[in-house]
Amino acid sequence: MLSACLISLYAVTAAAEQDETELKRRPGSYLGGTLAYVQSRAWANETDDHDDLKFGPLHTWGMAFRVGDAFTDWFAVGFQVFFTNKRSKEESIGAFELMLDASFYPYAGLGIRPSVGIGLGFASGDNDWEFGGGGPACLALAVLYEFRVTRFFSIAPVVNASWITGENFDGFFLLIGIEFTKWFKTATG
C-alpha cells in the first residue's frame, strides 16, 4: 500500500514538472513599468520670428507604464505611456507619449518592441522661446532582454529610442533603464 502511494506521488510530481516545462513563458496579460535614465533633445524649425533652434541634450530620468496581452509565447500587444521632464537654468524639455506597441521575442528573452502613437512635447530656452504641441506623430523602438524571476514576474534591461514630430517641433528621447513586468494567467496563457 505504501509503495503504491509513493509510486502515485512520484507520478503526479513528474507530471507536474513536465507540465511546468510546457507552460508558456509569457502566460497572458501583463502590467509593467520602467524607470530609466533619459537623454532628451528638441528642435524647432525656422519661422518668421526666429532661426532654427536646438535644445539639449538634457539628462534626466523618465518613467513608462505598460499594459497588454501576450497572444503567443513570442508575441504581445499592448499600450505604453512614457513621460519625462527636465529643466535647467537655460532650457527645459518635456514629453508625454501614448503608444500602441507590439513586442516580438525572436530568441530566448530577447525582445524587440516597435511602437506608434501620439506624442506631445515641449521645449523652452533662452530669450523666452517656447514651443509646445509636438504631436501627433510618435515613433519608438525598444530592445530588451527579459530575465524571468518567477513564472509571473520578470525584469529586463531596456533601451528605447523615441521620436516626436509635429508642426515646427521635433523631439528625440533616448531611454536606458530597467523594466519590471508582472504577468497574469488569463485565457490566452
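Which side chain meets R66 in a salt bridge? In this predicted model, the partner is E179, and the N to O distance between the two side chains is 3.1 Å. E179 belongs to strand β10 and R66 to strand β2, so this pair ties together parts of the chain that are 113 residues apart in sequence. Both E179 and R66 are buried.

To place this pair in its setting, one may consider the overall architecture. The protein contains one helix and ten strands. Along the sequence, these elements follow the pattern α-β-β-β-β-β-β-β-β-β-β. Of the 189 residues, 38% are buried. The accessible surface amounts to about 10600 Å², and carbon and sulfur atoms account for 66% of that surface. Contacts across the sequence are also informative: among those between residues at least 6 apart, 59% join residues at least 24 apart.

The interior may be examined next. The largest nonpolar core has 28 residues, and those that touch the most other members are A42, F55, F82, I93, A123, F173 and L175. Several strands give two or more residues to this core, namely β1 (28–44), β2 (53–72), β3 (75–87), β4 (92–107), β7 (136–145), β9 (153–166) and β10 (169–185). F82 offers an example of the surroundings of one core residue. Apart from its neighbours within four places in sequence, F82 is in contact with residues including V38, M63, A95, F96, F173 and L175. Polar and charged residues may be buried as well, as the next pairs show.

A search of the whole structure finds six salt bridges. One of them joins E146 to R26, with the closest N and O atoms 3.3 Å apart. E146 lies in the loop between β7 and β8 (147–150), whereas R26 lies in the loop between α1 (2–22) and β1; the two residues are 120 apart and thus link distant parts of the chain. Because its relative accessible area is 3%, under the 20% limit, E146 counts as buried. R26 is likewise classed as buried because its relative accessibility is 2%.

R66, introduced at the outset, also forms a salt bridge with D101, where the closest N and O atoms are 3.9 Å apart. Since R66 is in strand β2 and D101 is in strand β4, this pair ties together parts that are 35 residues apart in sequence. D101 is buried, as is R66.

Returning to E179 and R66, whose side chains meet at 3.1 Å, one may add a further group of charged residues. R26, D73, E146 and R148 are joined into one network by salt bridges that share partners.

Key:
Residues are numbered from 1 along each chain as its sequence is written. This is a predicted model: local features need pLDDT of at least 70, side-chain atom pairs count only at pLDDT 80 or more; totals for chains, interfaces and linings use all residues. Side-chain values use heavy atoms; hydrogens and water are left out. A nonpolar core is a set of buried Ala, Val, Leu, Ile, Met, Phe, Trp, Tyr and Cys residues joined through side-chain atoms within 4.5 Å. Buried means under 20% relative accessible area, exposed over 50%, partly exposed in between (1.4 Å probe, protein chains only). Helices (H or I, at least four residues) and strands (E, at least two) are DSSP runs, numbered from the N terminus. Contact means heavy atoms within 4.5 Å. Accessible areas come from the Shrake-Rupley method with a 1.4 Å probe; for residues, only the protein chains shown count as cover. A salt bridge is a side-chain nitrogen of Lys or Arg within 4 Å of a carboxyl oxygen of Asp or Glu.
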